[in-house]
Every structure is written in C-alpha cells, then in structure tokens.
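Open the model in your viewer and get ready to make a few selections. We will go stop by stop, and at each one you will hear what to pick and what is there.

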Amino acid sequence: MTHDDIAMLNDFLKYIEIEKRYSMHTVNAYKRDIDQFRNYLQKYYEISNLLHVDSDKVRSYIIHLKDHGLENRSINRKISSLRTFYMYCIREKKIKNSPLSEIKSLRQPRELAKFVPECDMENISFEKTEEFTVRRDELVIEILYQTGIRQTELRSILDSDIDGNKFQIKIHGKRNKDRVVPIEADLLKLIEQYKKIRNRQFPEKKNVKLIVNNKGEEATPKFIYTIVNRVLSGITTIEQKSPHVLRHTFATHLLNRGADIRAIQKMLGHDSLSSTQIYTYNTIDKLKEIYKDSHPYGDK
C-alpha cells in the first residue's frame, strides 16, 4: 500500500469508530474485508493503491470469492464494507466515483428468524428457592424474552437504569444509542427480588451491573450464552439455542398476537423497519391458522 492508501484506510477506520460509533468488532471486520481486497489486487493485478481501482476489478474479486466457495451472504458483507469505504473516499475528495457504484449485491435466500414456539416457552420453570444462581438465571431468561434486548445490552444494564415507578428499563444500545423498553410488574418484582439476593450474596462488592456471574463480577457473552443454551435445551428442540433466539422469539410472539411492527421496531432498537420485517415471514403459519378457523372455506 502507498502512504496515501494507508492514511486513507486509517482515517476511514477512525471515522467509523468515532463518528459512526461502530463497535471494535465491526471496525475490525471492515479492516479485514478491505485488507483481503487489497491482498487480492496485489496478487492478481499488482495494484498497490486501493484508490486506483475500477468496477471490473471489483467484479473479478466477487467471482474470485464465489470460486472459493463463499456464500452470497458473506460476499455481500464484503461488498458492503468496500462500498462504505469508497463512499468515504468520495466524501474526502480522494476519488470522484466509487468502483462499487455499478455493483449490485448478490441474491441470497431469505432466512427465517429462528424462534421458540409459545408452547415451549410456557414450559420454562425454575426452582422456588433463594439460591442466587437460580434467581439470576431466571432473570436472564425473563429479561431477554420479555424485552427482546441483545445479550450485550443485557450485560450493560445498571441498577440505576431500572425505573420501578415508570415500569421501564433504559437500554444502552448499539453505537451508544439509548432507548427505553417497558416491563411488567411481575418482571420488576423478579428484578427486585434478585437484587436483594445478589447484594446479600456479594456484600463486599459494589454492584454496578445488574447481571453478575457466580463470583459477583461482570458477566461475559459466553456466560450468558451458557445460561440460555442450558435452559432452552430443556424445553425446546430447535437447533439454535442462543440469547439472540430469545430476541427473535420476543418479536415473533408479539407479531403473532397482533402487535404493531413499528412499535416492535422501537423496542428492538432497529434503525430500519426492514430489519424488523424479517419477523413477518414467521407469521405465515399463524395466518393460515386464522384463515382456517375464520374463513367459511377455511376448513375445506
């Protein structure tokens, strides 16, 4: 890479981290995607400057990725990374036109969001005890299912984020965007019971985060995943048993019961309605049931 090339890439990565407030995980993914494209250009075209690229080179790269067995979804993510980078280059007046301007994303099969059926969720039960781990695990499941928040958002909840008077929780979402989600009285009661047990279990620790591990320390993503996977393994046969499945379950169950999709969008913290609309495809079976039960010809 040339000096200008390196500087441009570094400036871009700072831009998406600081101004766009992307997570470091996302920033690193962008860097990997762009580095892979740069390595391809150097190997096959002896091009060392990312700013000296045309659409033919991009098309060639996409064919190269397809030939190496990458799925369309993965290729589209790389295309998106490159498109964002070159749009930034245009903004900074380093190039006039993007080599991605004529490149379209590849078609990919619609993937239905996996969710736990309502009948399975009704089978979740926890032992009636004041044992800390039991009450903590129950609260993890109930918050994820009743609010639809991400596991990262769950782990970032502070005690002070819970407003018992207004029955709501302030959620710290992606890119530092906060939102408020409502909670029911029963969930608030679970939270208050858990906090008393947690504070009694770890009196020497000043608990800042609501959910803590077995040592009273901040929970890790793996720790939350383990809890959810173990609980769901006992009540459902669906293949995926992750915290994100409970997010899908929250949205799908709300839609099935007639909730407005824009309200669900706000609760999930989606910037675009299109992100929420993936859950509408899960409701087709519910619609078929309604048709069968309600239409005069439905049972014929």
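Is K177 buried, partly exposed or exposed? Select K177 and show its surface: with a relative accessibility of 44%, K177 counts as partly exposed. Please keep in mind throughout that this is a predicted model.

**Stop 1: the salt bridge at K177**

Keep K177 on screen and add D271. Their side chains meet in a salt bridge, 3.4 Å from N to O. This pair links distant parts of the chain, 94 residues apart. D271 sits in the loop between helix 11 (261-268) and helix 12 (273-276), while K177 belongs to the loop between strand 2 and strand 3 (178-182). On the D271 side, the relative accessible area is 55%, so this residue is exposed, the cut-off being over 50%.

**Stop 2: the strands**

Now select strands 1, 2 and 3 and switch to a cartoon view. Strand 1 (162-163) and strand 2 (168-172) run antiparallel and are joined by two bridges. To see one facing pair, pick D163, which stands opposite Q168 in strand 2. Between strand 2 and strand 3, also antiparallel, there are five bridges. Here, select I169 and look across to V181, its bridge partner in strand 3.

Next, show the side chains of strand 2. Which residues of strand 2 are on the covered face, and which on the uncovered one? I169 and I171 make up the covered face, and Q168, K170 and H172 the uncovered one. The general pattern behind this is that side chains in a regular strand alternate between the two faces of the sheet.

**Stop 3: positive phi values**

Stay with the strands and move to their turns. Strands 1 and 2 form a hairpin with four residues between them. In that turn, select F167: its phi is positive, about 55°, although F167 is not a glycine. F167 has a relative accessible area of 36% and is therefore partly exposed.

The hairpin of strand 2 and strand 3 has five residues between the strands. Pick R175 there, and you will find a positive phi near 55°.

For another case, jump to R21, in the loop between helix 1 (3-19) and helix 2 (24-45). R21 is not a glycine either, and its phi is positive, near 60°. Its relative accessibility of 43% makes R21 partly exposed.

**Stop 4: K78 and its surroundings**

Select K78 in helix 4. Colour by accessibility if you like: K78 has a relative accessible area of 7%, so it is buried, the limit being under 20%. Which residue does the side chain of K78 meet in a salt bridge? The partner is D33, at 3.2 Å from N to O. K78 is in helix 4 (residues 72-91) and D33 in helix 2, so the salt bridge ties together parts that are 45 residues apart in sequence. D33, like K78, is buried.

To see the wider surroundings, add the contacts of K78, setting aside neighbours within four places in sequence: D33, Q36, Y61, L65 and L70.

**Stop 5: further salt bridges**

Remain in helix 2 and select D35 and R38. The two are three residues apart, about one turn of the helix, and their side chains form a salt bridge at 3.4 Å, N to O. D35 has a relative accessibility of 15% and so counts as buried. R38 is buried too, at 15%.

Then pick E19, R91 and E92 together, since a network of salt bridges links them. How many salt bridges does the model have? The count comes to 20.

**Stop 6: the largest pocket**

Finish by displaying the largest pocket, with a volume of about 2200 Å³. Its lining has 48 residues. To find the centre, select T26, R150, K174, R175 and H244, which lie nearest to it. The elements that give two or more residues to the lining are helix 2, helix 4, helix 7 (151-155), strand 3 and helix 10 (243-256).

As a last step, colour the lining by residue class. How many lining residues are nonpolar, polar and charged? The lining divides into 11 nonpolar, 20 polar and 17 charged residues. Among the residues nearest the centre is R175, which you met earlier with its positive phi near 55° in the hairpin of strand 2 and strand 3.

How values were computed:
Residues are numbered from 1 along each chain as its sequence is written. This is a predicted model: local features need pLDDT of at least 70, side-chain atom pairs count only at pLDDT 80 or more; totals for chains, interfaces and linings use all residues. Side-chain values use heavy atoms; hydrogens and water are left out. Buried means under 20% relative accessible area, exposed over 50%, partly exposed in between (1.4 Å probe, protein chains only). A salt bridge is a side-chain nitrogen of Lys or Arg within 4 Å of a carboxyl oxygen of Asp or Glu. Two strands pair if DSSP finds at least two bridges between them. Contact means heavy atoms within 4.5 Å. On a 1 Å grid over the protein atoms alone, a cavity is a set of points where a 1.4 Å probe fits but cannot get out, and a pocket is an open set with protein on both sides within 12 Å along at least five of seven lines; lining residues have an atom within 4 Å of a point. Grid points are joined across faces, edges and corners, and a volume is the space filled by probe spheres set on the points. Ala, Val, Leu, Ile, Met, Phe, Trp, Tyr, Cys and Pro count as nonpolar, Asp, Glu, Lys and Arg as charged, and the others, Gly among them, as polar.
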